[in-house]
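Me: Could you take a close look at the aromatic residues in this model for me, and then show me the open and enclosed spaces as well? A connected walk-through would be lovely.

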Amino acid sequence: VEAGNEQLDLSFLFLLVDFAPGVQTDPLGAVRGALQQLCAHAEQTLPQTLLLEGGTAESRLAAALYWAGLLNCATQRDASLPDFMGSAGPCWACPACTRLLAGSHRDFFLLDGRAASIKIDQVREIRKIIGDPPREAGRRVVVMAESQNLTIEAANALLKSLEEPCPGTVFVLTVPQRERLLPTLVSRSWVLTLPWTHSTDGTLSDPENLAWGEAFTQFLRTGRDWFSRTGTKGAMDAVRLQGLIAYCRAALAAAIILRADRQTAHPAANLPLAGLLADGLDAARGRAFSEALDACEEALSYTVNPAILADWLATRVFVWLEEVRRRERGTPRS
């Protein structure tokens, strides 16, 4: 449980603290600035639970470590930062910062859900620790990375911890979207949204991905012509399903942004699927769609037939959208 691991990979930290000479903009500066302001008014406003959403898994974890540095750094002034980045922040050179970077700080705990689910036994181990005061001069920081991968039992155990006062201890939950967590966890958290990633990793430049994505969207609109396409022998293999999943993820990311602001640019915003999801899926269904995409990827590792997985995914989303359409048809026009 404790982050006292010499092999802990902290390379993600440089997303926040390492910039090439001549850089004039800081894409995560607003995130760092918000965390600095929280720390500056710690006695009045320091949240017991910070929820970091948006960005990438690496940038969310980098922001979590930056928060730990702010709460434990002995100097709180990094003179090496250029003016546009400000100077208040972890020095990364004092004993506390050095131990954080080495993964040996006695009050920094990382439960990493990036590779596997976070189990209840791990949360129970943390609960045994947080009743005691921090062992060093700052605050104890418990990070639940990619906390959408908490098991139900672990999430409920964590909720009990958040409901109890934990002097000297703060929690950080990282998650792609807040909708992926139990609403009771979100309601007890101070939410900070990192800049949404606009990378589509070539998804939108592959003609086959676009063709399958358009066919998927057409099925969601009409309920037609999908099964004959996936039923063609060899048409839907693991590579094509991975491409479809990536296409859907890009469209879902754009849909989340479109729901908040129709004017915000995103490379997937013009996809018909993005508009369909923005109009047809609420936050809960958006979370369910994201979880369904995760389930498809996991099933692929068990050599499940890709065509069956694609049909399962298409059918699920069609049913959700059809429920919305039926409600709209049943609403009297004003």
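Reply:

**Aromatic cluster, pockets and cavities**

With a relative accessibility of 3%, Phe219 falls under the 20% cut-off and therefore counts as buried. Do keep in mind that this is a predicted model.

Phe219 is a good place to start, as ring pairs join Phe219 with Trp212, Phe216, Trp226, Phe227 and Phe318 in a cluster. The structure has 5 aromatic pairs. In one of them, the rings of Trp212 and Trp226 have centres 5.5 Å apart and planes at 80 degrees, which is over 60 and so makes the pair edge-to-face. Trp212 belongs to helix 9 (residues 207–222), while Trp226 sits in the loop between helix 9 and helix 10 (227–230), so this pair ties together parts 14 residues apart in sequence. Both Trp212 and Trp226 are buried.

Phe219 itself pairs with Phe318 in a tilted arrangement, with 5.4 Å from centre to centre and 40 degrees between the planes. Because Phe219 lies in helix 9 and Phe318 in helix 14 (residues 306–329), their pair ties together parts that are 99 residues apart in sequence.

Now to the spaces. The second largest pocket has a volume of about 570 Å³. It is lined by 22 residues, and those closest to its centre are Gln148, Asn149, Arg180, Glu291 and Asp294. Helix 7 (152–163) and helix 13 (283–300) are the elements that each contribute two or more residues to this lining, and helix 13 gives the most, with 5 residues. By character, the lining of the second largest pocket comprises 9 nonpolar, 6 polar and 7 charged residues.

Helix 7 deserves a pause here. Its 12 residues should span 16 Å at 1.5 Å a residue, and the end C-alpha atoms are 17 Å apart, which agrees. Buried in helix 7 are Ala154, Ala155, Ala157, Leu158, Leu159, Ser161 and Leu162. The buried residues of helix 7 pack against strand 1 (49–54), helix 6 (120–129), strand 3 (140–145), strand 4 (169–174) and helix 8 (183–187).

Helix 13 turns up again in the enclosed spaces. There are 2 cavities of 30 Å³ or more, and the largest cavity holds about 50 Å³ of space. Its lining consists of Gln177, Glu179, Leu252, Ile256, Arg259, Ala283, Gly286 and Arg287. At least two of the lining residues come from helix 11 (238–260), and at least two from helix 13. The lining of the largest cavity divides into 3 nonpolar, 2 polar and 3 charged residues.

Key
Residues numbered from 1 in each chain as written. Predicted model: local features only at pLDDT ≥ 70, side-chain atom pairs only at ≥ 80, totals over all residues. Heavy atoms only, no water. 1 Å grid on protein atoms, 1.4 Å probe; cavity = no way out; pocket = protein on both sides within 12 Å on 5 of 7 lines; lining within 4 Å. Points joined across faces, edges and corners; volume = space filled by probe spheres on them. Helix = DSSP H or I, 4+ residues; strand = E, 2+ residues; numbered from the N terminus. Nonpolar A, V, L, I, M, F, W, Y, C, P; charged D, E, K, R; others polar. Expected span 1.5 Å × (residues − 1). Buried < 20%, exposed > 50% of the residue type's maximum accessible area, 1.4 Å probe, protein only. Contact = heavy atoms within 4.5 Å. Phe/Tyr/Trp six-rings, centres within 6.5 Å; stacked < 30°, edge-to-face > 60°.
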